[in-house]
Amino acid sequence: MGYVLLAGAIAAEVGATTAMKYSEGFSRLWPSLVTIAGYIVAFALLAQTLKTVQIGTAYAIWAGTGTAVIAAIGMLFLGEGLTLAKVGGIVLVIGGVVLLNLGGAH
């Protein structure tokens, strides 16, 4: 169940971060409210996750997956360019999460 909660936390964080882009520095009401609500949900779910999943593992998955998904959203939907450096960075983030799960964080 912990990993299901973690997936929800990641989805909420990704949604909140995407909404933040549209809040225009918190000057637009609805995207700003979605950002705030999304982060509240994300941290609440992450806190519940930590009851059953080790903190190093949970945070690595949460941060790494969120970073990779946000980078992909930026490239696919927000007009951000795809560079070799970005691809390399995403690969390194995912690789770090995999290594932590294989034994470093357990």
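So, how many helices and how many strands are there in the protein? Four helices and zero strands. Before I go on, please keep in mind that this is a predicted model. If you read along the sequence, you get the pattern α-α-α-α.

Let me give you the overall dimensions. The C-alpha trace spans about 45 × 35 × 15 Å along its principal axes. We have 106 residues here, and 30% of them count as buried. As for the surface, the protein exposes about 6400 Å², and 76% of that is supplied by carbon and sulfur atoms. On contacts: take those with a separation of 6 or more, and 62% of them come from residues 24 or more positions apart.

Okay, the inside. The largest nonpolar core has 14 residues, and the ones with the most contacts inside it are L6, I10, L46, I61 and W62. Three helices, α1 (2-22), α2 and α3 (55-77), each supply at least two residues of this core. That goes with a general tendency: in soluble globular proteins, nonpolar side chains tend to be buried together.

Pick I10 from that list and look around it. What is I10 in contact with, once you leave aside its neighbours within four places in sequence? You find I61, W62, T65 and G66. I61 and W62 are also on the list of core residues with the most contacts.

W62 leads me to the aromatics. A search of the whole structure finds two aromatic pairs. Take F43 and W62 to begin with: the ring centres are 5.4 Å apart and the planes sit at 65°, and since an angle over 60 counts as edge-to-face, that's what we call this pair. This pair links distant parts of the chain, with F43 in helix α2 and W62 in helix α3, 19 residues apart. Are the two partners buried or exposed? F43 is partly exposed, at 48% relative accessible area, while W62 counts as buried because its relative accessibility is 8%, and the cut-off for buried is under 20%.

The other pair is Y59 with W62. These rings are 5.5 Å apart centre to centre, with 55° between the planes, so the pair is tilted. Here the partners are three residues apart in helix α3, so about one helical turn separates them. Y59 is partly exposed, with a relative accessible area of 48%. Put the pairs together and F43, Y59 and W62 form one aromatic cluster.

Now out to the surface. There is a nonpolar patch made of M20, F26, L29, W30, L33, I36 and I40, with about 750 Å² of accessible area together. Which helix gives the most to the patch? That would be α2, residues 29-49, with five residues. One of the patch members, L33, is found in helix α2 and is partly exposed, with a relative accessible area of 37%. That fits the patch rule, because a member needs over 30% relative accessible area.

What about charges? The structure holds one salt bridge. The partners are E80 and K86, and their closest N and O atoms are 3.9 Å apart. That makes the list because the limit is 4 Å. Both ends are partly exposed: E80 at 38% relative accessibility, and K86 with a relative accessible area of 33%.

Last, a couple of distances you can check on the screen. V41 has its place in helix α2 and is partly exposed at 40% relative accessibility. V41 and G8 are 33 residues apart in sequence, and C-alpha to C-alpha they are 8.5 Å apart in space. Then there's A71, which has its place in helix α3 and is partly exposed, with a relative accessible area of 23%. A71 and L46 are 25 residues apart along the chain, and their C-alpha atoms are separated by 21 Å.

To wrap up, if you want one residue to click on, I'd go for W62. W62 is among the core residues with the most contacts, is in contact with I10, and shares an aromatic cluster with F43 and Y59. And for the outside, start from the nonpolar patch, where helix α2 gives the most. That's me done, thanks.

How values were computed:
Residues are numbered from 1 along each chain as its sequence is written. This is a predicted model: local features need pLDDT of at least 70, side-chain atom pairs count only at pLDDT 80 or more; totals for chains, interfaces and linings use all residues. Side-chain values use heavy atoms; hydrogens and water are left out. A salt bridge is a side-chain nitrogen of Lys or Arg within 4 Å of a carboxyl oxygen of Asp or Glu. Buried means under 20% relative accessible area, exposed over 50%, partly exposed in between (1.4 Å probe, protein chains only). Patches are made of residues with over 30% relative accessible area and no salt bridge: like charges are joined within 9 Å, nonpolar side chains (Val, Leu, Ile, Met, Phe, Trp, Tyr) within 5 Å. Accessible areas come from the Shrake-Rupley method with a 1.4 Å probe; for residues, only the protein chains shown count as cover. Contact means heavy atoms within 4.5 Å. A nonpolar core is a set of buried Ala, Val, Leu, Ile, Met, Phe, Trp, Tyr and Cys residues joined through side-chain atoms within 4.5 Å. Rings of Phe, Tyr and Trp (its six-membered ring) pair if their centres lie within 6.5 Å; planes under 30 degrees apart count as stacked, over 60 as edge-to-face and the rest as tilted.
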